[in-house]
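These are my notebook entries on one structure. I set down what I looked up, topic by topic.

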Amino acid sequence: DIKRFTAPDIRARKGGEPIVVLTSYHAHTASLADKYCEVILVGDSLGMVMHGMESTVPVTLDMMILQGRAVMRGSQRALVVVDMPFGSYEASKEQAFMSAVRILKETGCGAVKLEGGKRMAETIRFMTERGVPVMAHVGLTPQAINTLGSFKAQGRDEADWAPIEQDALAVAQAGAFSVVLEAMAEPLARKVTGAIPIPTIGIGASPACDGQVLVMEDMLGLSPRVPKFVKRYGDLAGGIEKAIADYAAEVRSRAFPAPEHTYAMKKK
Ligand code: KIV
Ligand code: NA
């Protein structure tokens with residue numbers, strides 16, 4: 001039996017060896033990520049990546065739980081963190097706790113993630129005091145797309161730093177075990193990482209962060225459009241398209257199925 005990383009294990013990595021985080025929404029990709037990553041994030045980016053939604057806003061708790069269960073089945077070593085979707089936690093600390101309870105009970109995952117800094121601090125305290133480890137997420141918060149208007153990097157003007165620094169400090173003081181810093185000026189992410197006692201997980205942030213996260217399909221070259229901060233470590237779209245084109249051609253020419261793909265009669 002392999003022991004899984006826990007939220008306290010990740011919390012203890014502050015200032016140490018970088019924490020490797022990758023998203024996964026499926027059993028098979030989770031089993032691959034599990035070999036190399038301390039944390040697998042079942043991100044609400046699944047709405048865009050798996051379902052072609054325009055944003056993460058329409059994603060439901062049931063969708064997160066279904067994919068969270070798949071990732072738990074596929075992994076055995078990584079801490080699995082499941083995103084709380086828009087509308088499942090903002091109304092009150094009690095709503096947040098009850099939604100997190102569903103996620104923990106129905107998936108078996110070890111922690112949840114929610115977006116927001118100062119405004120979510122009281123909720124984060126309420127949840128962590130009652131047994132729910134919380135990863136926070138500040139900087140660019142994609143669930144707020146309809147009030148933000150567009151996705152753009154935060155804190156590129158030093159005058160805008162203070163609220164983001166206060167957000168990161170507030171979630172740390174409230175008991176979050178780590179915090180995602182998304183799409184912000186590199187010097188700001190570096191400063192925040194040095195200023196707070198919990199690990200920062202960067203995405204479009206800084207190499208100084210305590211860990212990094214990417215969306216798996218983006219880094220594999222499977223997503224059609226990706227933000228500037230994504231490095232493509234593969235070209236899966238090209239590979240998949242070639243395989244499909246080869247298959248279609250072989251069906252049309254009757255080269256597939258070949259004799260080795262068919263069943264002969266039993267020998268009498
Ligand atoms: O939903 C997601 O994949 C995320 C990461 C990009 C941090 O929240
Ligand atoms: Na997310």
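The entries below cover a metal site, the nonpolar cores and one helix residue.

Entry 1, the metal site. I noted at the outset that the model is predicted. I then asked which residues coordinate the sodium ion (ligand 2). I found that Asp-44 and Asp-83 do so through their OD atoms, at 2.3 Å. I located Asp-44 in the loop between β2 (39-42) and α3 (46-49), and Asp-83 in strand β3 (residues 79-83). The pair therefore ties together parts that are 39 residues apart in sequence. I also looked up whether each residue is buried or exposed. Asp-44 has a relative accessible area of 5%, so I recorded this residue as buried. Asp-83 is buried as well, at 3% relative accessibility.

Entry 2, the nonpolar cores. I looked up the largest nonpolar core and found that it has 62 residues. Val-112, Ile-124, Met-127 and Leu-181 have the most contacts inside it. Apart from this core lies another, of 15 residues, including Ala-7, Val-21, Met-135 and Val-180. I then followed Met-127: with residues up to four places away in sequence not counted, Met-127 touches Met-84, Ala-96, Phe-97, Ala-100, Val-112, Leu-114, Val-132 and Val-134.

Entry 3, a helix residue. I found Thr-193 in helix α9 (residues 186-195). Is Thr-193 buried or exposed? Its relative accessible area is 7%, and buried means under 20%, so Thr-193 is buried. Leaving aside neighbours within four places in sequence, I listed its contacts as Lys-14, Leu-181, Thr-200, Ala-208, Cys-209 and Asp-210. Among these, I recognised Leu-181 from the largest nonpolar core.

Definitions and conventions: Residues are numbered from 1 along each chain as its sequence is written. Chains are lettered from A and ligands numbered from 1 in the order in which they are written. This is a predicted model: local features need pLDDT of at least 70, side-chain atom pairs count only at pLDDT 80 or more; totals for chains, interfaces and linings use all residues. Side-chain values use heavy atoms; hydrogens and water are left out. Helices (H or I, at least four residues) and strands (E, at least two) are DSSP runs, numbered from the N terminus. Buried means under 20% relative accessible area, exposed over 50%, partly exposed in between (1.4 Å probe, protein chains only). Contact means heavy atoms within 4.5 Å. A nonpolar core is a set of buried Ala, Val, Leu, Ile, Met, Phe, Trp, Tyr and Cys residues joined through side-chain atoms within 4.5 Å. Donors are N, O and S atoms within 2.8 Å of the metal (3.2 Å for Na, K and Ca); water is not among the atoms, so sites may look incomplete.
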